[in-house]
Amino acid sequence: MKRKNIIIIGAAGRDFHNFNMCYRDNELYNVVAFTAAQIPDIDDRKYPAELAGSLYPDGIPIYSQDRLPELIKELDVDECVFAYSDVSYQTIMNISAIVNSAGADFTLLGPKNTALKSTKPVISVCAVRTGSGKSQTSRKIIELLMENNLKVVAVRHPMPYGDLVAQKVQRFATIEDLKKHKCTIEEMEEYEPHVIRGNIIYAGVDYEAILRSAENDPDGCDVILWDGGNNDFSFYHADLTVTIVDPHRPGHELSYYPGEVCLRMADVAVINKIDSASKEGIDIVEANIKKVNPKAQIIKADSKITVDKPDIIKGKRVLVVEDGPTLTHGEMKIGAGTVAAERIGAAELVDPRPYTVGKLKETFNIYPNIGRLLPAMGYGEQQLKDLEETINKTDCDAVIIGTPIDLSRVIHINKLYTRVHYELDEVTKPNLNDVIEKFIKDHNLDKK
């Protein structure tokens, strides 16, 4: 029987996981290629033979998604599997039209075939869009579990942008581990806030191997916490699913893939950032939650902001640096740094666009609606150099760092700067403490 030729359309994350779960060592299929989008410089490499299994002794090539129509023809492709996240329904159906018009089937895989079962209780934290506040919610849940003397091991949605073989299973317990694994800014932003709080976080490429390592972590493991990326659903079957909804982008919870999947699966829906969102936006997302998932428990929360040095913001011309993916494919027009500038009374938000260089200039060409904010792009060494040069060239009085890590640790900033920190602060009852207390009781985890 002829094997069905498959292309997996991805962005160095879900695509590799779907391959590992459904196609590796499966003689019914022949995965002829991956395509790559969203993340800079992740095409023109291979999914290596060491990870691909016995059916792919030469590995599997990764091409730019721009080549999809010609690849379908040249490689006699029967089916294309879409496997990345945080895309509008318009975008995903445009891609399906490209695939179908070239003659192939278009497929979306769901949790039944892609979610792994853990031997430990699992809490998943997902979102309807990038930048909704997953990480701060994950941190809050971990702190509540740790207060109950539970060993929590976090597993982060993949970001394998380097050596895929070396990144098969990554364990982060210290800041030094970030250096050892040659993390990009985007990776550090997700891992560092966990390790500085004293909990272990895993990531990588092979999420079954990662799960088994996490379950048997040398420091112990009582609970697995899935810390989601973009707006993807969990790679693991969850015993408790928490989904974050963003009232700054009302309506997106029902118009982006697979964010609506996360919302419909949620046991708990957290409406975050209500302290900086409009009442209209809050009302819209609350109504949409009740419409598609009336059984979900709704929690409303502020994104509580603190600033290290507010005096260098007030009355000053400031450059605001925000999380890169949140501004790019997340399409946010506001971040923690922007909120801090407005609340403290900055005289002006300086437009960085006249000062951008290299790959940052390319980023603004690809995402022209970013506006006067600077995305902290750092997927590679050149992007880091371009970020540093752009910041240092910008004519401003001070820099506001609205990213989850201290950028001054990885680049040199020749101006006054201050960091903005943000934490989840629930303002309604029941809250996450009540949710976690019930989870602990339901799973007989009470160690106090």
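Domain bounds, as used on this tour, come from an automatic or database domain assignment, and the model in your viewer is a predicted one.

Begin by colouring the chain in three parts: domain 1 covers 4–111, domain 2 is made of 122–303 together with 425–443, and domain 3 runs over 306–423. If you place a marker at the C-alpha centre of domain 1 and another at that of domain 2, the two markers lie 26 Å apart.

Next, select the residues where these two domains meet, and you will find 28 residues of domain 1 in contact with 28 residues of domain 2. Between them the two domains bury about 2,300 Å², of which 59% is on carbon and sulfur atoms. Now show Arg-14, Asp-86 and Tyr-89, which supply 29% of the area that domain 1 buries against domain 2, more than any other three residues.

Stay with Asp-86 and add Arg-129, with which Asp-86 forms a salt bridge whose closest N and O atoms are 2.5 Å apart. Between domain 1 and domain 2 the count is 3 salt bridges, and 14 residue pairs are in polar contact. Among the elements that each supply at least two residues to the side of domain 1 touching domain 2 are helix H1 (14–23) and helix H4 (89–101), and H1 gives the largest share of that side, 4 residues.

Finally, turn to the interior and select Ile-7, Phe-19, Tyr-47 and Tyr-236, the residues with the most contacts inside the largest nonpolar core, which has 132 residues. Centre the view on Phe-19, and its neighbours will include Val-31, Phe-34, Tyr-47 and Leu-51. A second, separate core of 12 residues can be located through Ile-282, Val-285, Ile-289 and Ala-296, which are among its members.

Definitions and conventions:
Residues are numbered from 1 along each chain as its sequence is written. This is a predicted model: local features need pLDDT of at least 70, side-chain atom pairs count only at pLDDT 80 or more; totals for chains, interfaces and linings use all residues. Side-chain values use heavy atoms; hydrogens and water are left out. A nonpolar core is a set of buried Ala, Val, Leu, Ile, Met, Phe, Trp, Tyr and Cys residues joined through side-chain atoms within 4.5 Å. Buried means under 20% relative accessible area, exposed over 50%, partly exposed in between (1.4 Å probe, protein chains only). Contact means heavy atoms within 4.5 Å. Buried area is the accessible area (1.4 Å probe) that two parts lose on being put together, summed over both. A salt bridge is a side-chain nitrogen of Lys or Arg within 4 Å of a carboxyl oxygen of Asp or Glu. A polar contact is a pair of N or O atoms within 3.5 Å; within protein, one must be able to donate a hydrogen and the other to accept it, and residues adjacent in sequence count only if both atoms are side-chain atoms. Lists of a residue's contacts leave out its neighbours within four places in sequence.
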